[in-house]
Amino acid sequence: MRYGIFGAYLFRGLCLVFASYLVGFWFLKPLGGLYLLYLTFNYFHTAKPADDEAPDKQKSWLYRSTLGLLGPFWATVAVIELMDVAFSIDNVFAVVAFSNNLLLVLVGVFIGILAMRLVAQAFVGLMGKYPFLETAAFVVIGILGLKLVLSLLRHFAPGHPVSDFLDSDAADVGLTAITIATFGGPLLTSRLLGWPRRLGSR
């Protein structure tokens, strides 16, 4: 956990510095949006392995020749840091979809990391109890990706009504409301109506 939180801060900080340097390049947002849409598409179109189908990493020559040389502990740390790099890129692109204010993005990202560190066990428990929250998360990622892709309108049609709406406070409020509803709605219906079913329910 300590190595993971250090890597999360380090790589997100680097990504934010990189993002602030390249914020003037208009094509980064739609490219980031396409990447987020790809992640969403990949999630919904990739078969999920069964719980008892854990891969045997020692059978992989690539693993034995790279991470396997480090030993179980450091190999795990290395994998966590590699995931931190990937999640840092995803995280920064997703947060930029909410706001162009780099100071706000910076504060939000770093508070988010600290909050995740403090509530990690509770969050893992919540995801285990309500596995449909993972699907909700990817729905939100897809929505954010779409918003980033639509930023093309701002570059090619700056006076278009849709472009003006996407840059408005109403769009930001609406996106926040959709995000809350995407997570909160299934949780509420699961508790009150029993759908989607939580783990262990009949």
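**Notebook: helix 2 against helix 7, and two residues of helix 10**

I began with the pair formed by helix 2 (residues 28-44) and helix 7 (residues 132-149), and found that their axes come within 7 Å and cross at roughly 150 degrees. Since angles over 145 degrees count as roughly antiparallel, I wrote down helix 2 as roughly antiparallel to helix 7. I also looked up the hand of this crossing, which is left-handed. I keep in mind throughout that this is a predicted model.

Next I listed who makes the contact. From helix 2 I noted Lys-29, Pro-30, Gly-32, Gly-33, Leu-34, Leu-36, Leu-37, Leu-39, Thr-40, Tyr-43 and Phe-44. From helix 7 the list runs Glu-134, Thr-135, Phe-138, Val-139, Ile-141, Gly-142, Leu-144, Gly-145, Leu-146, Leu-148 and Val-149. Sorting the residues of this contact by character, I got 14 nonpolar, six polar and two charged, with the glycines entered as polar under the scheme used here.

I then turned to helix 2 by itself, which has 17 residues and spans 25 Å from its first C-alpha to its last, close to the 24 Å expected at 1.5 Å a residue. Which residues of helix 2 are buried? I found Pro-30, Gly-32, Gly-33, Leu-36, Leu-39, Thr-40 and Tyr-43. As a reminder to myself, an α-helix has 3.6 residues a turn, so residues three or four places apart point the same way.

For helix 10 (residues 169-193) I checked Thr-179, which is found in it. Is Thr-179 buried or exposed? Its relative accessible area is 15%, and because the limit for buried is under 20%, I entered Thr-179 as buried. Setting aside neighbours within four places in sequence, I found Thr-179 in contact with Phe-98 and Val-140.

Arg-191 is also found in helix 10, but here the relative accessibility is 58%, so I counted Arg-191 as exposed. With neighbours within four places in sequence again left aside, the contacts I noted for Arg-191 are Tyr-130 and Arg-198.

Last, I looked at the whole protein, in which I counted 10 helices and zero strands, giving the pattern α-α-α-α-α-α-α-α-α-α along the sequence. Of its 202 residues, 28% are buried. Among contacts with a separation of 6 or more, I found that 78% join residues 24 or more positions apart.

How values were computed:
Residues numbered from 1 in each chain as written. Predicted model: local features only at pLDDT ≥ 70, side-chain atom pairs only at ≥ 80, totals over all residues. Heavy atoms only, no water. Axes fitted to C-alpha atoms, helices over the stretch in contact; angles between N-to-C directions. Helix = DSSP H or I, 4+ residues; strand = E, 2+ residues; numbered from the N terminus. Parallel < 35°, antiparallel > 145°, perpendicular 65-115°, else oblique. Left-handed = near helix turned anticlockwise from the far one by under 90°. Contact = heavy atoms within 4.5 Å. Expected span 1.5 Å × (residues − 1). Buried < 20%, exposed > 50% of the residue type's maximum accessible area, 1.4 Å probe, protein only.
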